[in-house]
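Colleague: Could you give me a close look at the very start of the chain, and then tell me how the rest hangs together? Take your time over it.

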Amino acid sequence: MADEAKAKGNAAFSGGDFTAAIRHFSDAIALTPSNHVLYSNRSAAYASLQKYAEALDDAKKTIELKPDWSKGYSRLGAAHLGLGHAHDAVSAYRKGLEIDPNNEALKSGLADAQAAASRSASNSPFGDAFSGPEMWARLTADPSTRAYLQQPDFVKIMQDIQKDPNKLNLHLSDQRVLKALGVVLNEEKEAKEKKALAQKEKEAGNAAYKKKNFETAIQHYSKALELDDEDISYLTNRAAVYLEMGKLEECIKDCDKAVERGRELRSDYKMIARALTRKGTALVKMAKCSKDFDPAIESFQKALTEHRNPDTLKKLNEAERAKKELEQQEYFDPKLADEEREKGNEFFKQQKYPEAVRHYTEAIKRNPKDHKAYSNRAACYTKLGAMPEALETYKEGLKHDPNNQELLDGIKRCVEQINKASRGDLSPEELKERQAKAMQDPEIQNILQDPVMRQ
């Protein structure tokens, strides 16, 4: 009996009598309700009569009974497409193609669904209004719709509309949806108007900035922020004005706000990098000691992780160089340098050359212009048989005192010794003496690898 009803349904469908086909398929389903093919066929008949809601129900039942049958997803896609659910149709066709990748009907349906999805995205007058978290914020802010958000069915409806704005047509009989639509569209219109006004304020601020009318520029940028807090360029521009005015703390505050807000809005990484670079520039201007450069350097480094900008890299290098120069200035102490050099002399007399080198190195750091410390450290290297290091130390000293005869003579002796060693002219006694010095203290063996000794 079921097979007979099915055959009659197929014949009616082929003859274009879709109403009769639906009746016969329904009779067959009553006899064999677990037959997935019958639901699939009836879904096709409903779709032919543009009864897409019924077609959707039968397509879902088909998949429920036979989830690994690709034709069920073809029926599902067709029903969704008929209802205007383009994105759901795309999803259905794709699932079908996962089961049967070469199915031409599914491929064709997917292409149609994707085209419809593209059209709906570009043609929907409400797409922007329902996009992103702004819709929920507007509904929450408005007293007339706030209570609706506690109702699960309303939330589900709005989620569906947000996913596909064309679904709005299915819910226009719901007064809650109509109220929400009014709130969202009104807010959207006001938001667009405010954004346009904010841009005008920004342009006025830019013009004032170019004319160095800084107070006026700040007023315009501040007004732009009041109108639109979703564009961090207003903050970074105002920070630039504060930087020019020398109001560095205000500049840094605006930069921090721009970074924080930019992360919330997922703003362009270049904009966040700009804020971090501007903050670093302000921190450099505030620096009074070497440690003050640390937060500026950190800010530049963070900016470079956002966007590799050559100007930011240049500022980072300049900050690091300035920090190093200040460190040297802060460390400079001729009195302590003399004390360290005297300590080095005592160790030198005791033939404790590694200890002597350490004190001479500290003396040089404390007073880089003292030629005696260079000469004495070079003498230690000579005693240790480290002629290249001794030569470099003499040369470093000459940078600060180019005409110092003691350093010039030291270079001459080093060159002679190096040449003598390269020719193999060292006597057995000299070679034995060097080996003995190298072995007399374990610390000597590590000295040439110690970066402090090479400074």
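Modeller: I'll begin with the opening stretch and then work outward through the cores, the charged pairs and a few loops.

Some ground rules. This is a predicted model, so local features need pLDDT of at least 70 and side-chain atom pairs count only at pLDDT 80 or more, while totals for chains, interfaces and linings use all residues. Residues are numbered from 1 along each chain as its sequence is written, and side-chain values use heavy atoms, with hydrogens and water left out.

Your part is helix H1, residues 2-14. Helices here are DSSP runs of H or I with at least four residues, strands are runs of E with at least two, and both are numbered from the N terminus. The expected span of a helix is 1.5 Å times one less than its number of residues. For the 13 residues of H1 that gives 18 Å, and the end C-alpha atoms are indeed 18 Å apart. Ala2, Ala5, Gly9 and Ala12 are buried in H1 (buried is under 20% relative accessible area, exposed over 50%, partly exposed in between, with a 1.4 Å probe and protein chains only). Looking down the axis, those buried residues fall within an arc of 90°, so they line one face of the helix; the arc is taken from the directions from the helix axis to the C-beta atoms. What do they pack against? Helix H2 (18-31) is their partner, where contact means heavy atoms within 4.5 Å. Asp3 and Ser14 are exposed on the face turned away from the buried side. After H1 comes Gly16, with a positive phi near 85°.

Now zoom out. The chain has 25 helices and zero strands. Of its 455 residues, 41% count as buried. Take the contacts between residues at least 6 apart in sequence: 52% of them join residues at least 24 apart.

The largest nonpolar core has 21 residues, and Cys380, Tyr381, Ala390, Tyr394, Leu407, Ile411 and Cys414 touch the most other members. A core here is a set of buried Ala, Val, Leu, Ile, Met, Phe, Trp, Tyr and Cys residues joined through side-chain atoms within 4.5 Å. Two or more residues come from each of helix H20 (353-366), helix H21 (371-383), H22 and helix H23 (405-423), and H20 gives the most, with six. Leaving aside residues up to four places away in sequence, Cys414 touches Thr382, Met387, Ala390, Leu391 and Tyr394. There's also a second, separate core of 16 residues, including Ala217, Val241, Leu248 and Cys255.

On to the charged pairs: the whole structure has 28 salt bridges, each a side-chain nitrogen of Lys or Arg within 4 Å of a carboxyl oxygen of Asp or Glu. One of them joins Asp254 to Arg238, with the closest N and O atoms 2.7 Å apart. It links distant parts of the chain, Asp254 in helix H15 (residues 248-265) and Arg238 in helix H14 (residues 233-245), 16 residues apart. Asp254 is buried at 2% relative accessible area, and Arg238 is buried too, at 12%.

Two others sit within single helices. Lys156 and Asp160 meet at 3.0 Å, N to O; they are four residues apart in helix H11 (residues 152-163), about one helical turn, and Lys156 is partly exposed at 45%. In helix H22 (residues 387-400), Glu396 and Lys399 are three residues apart, again about one turn, and their side chains meet at 3.3 Å. Glu396 is partly exposed at 30%, whereas Lys399 is exposed at 62%. An α-helix has 3.6 residues a turn, so residues three or four places apart point the same way. Asp338, Arg341, Glu342 and Asp370 are linked in a salt-bridge network.

Last, the loops. Ser290 lies between helix H16 (269-286) and helix H17 (293-306), yet counts as buried at 6% relative accessibility. Beyond residues up to four places away in sequence, Ser290 touches Lys323, Leu326, Glu327 and Glu330. Gln50, between helix H3 (36-48) and helix H4 (52-65), isn't a glycine but has a positive phi near 65°, and Gln50 is exposed at 58%.
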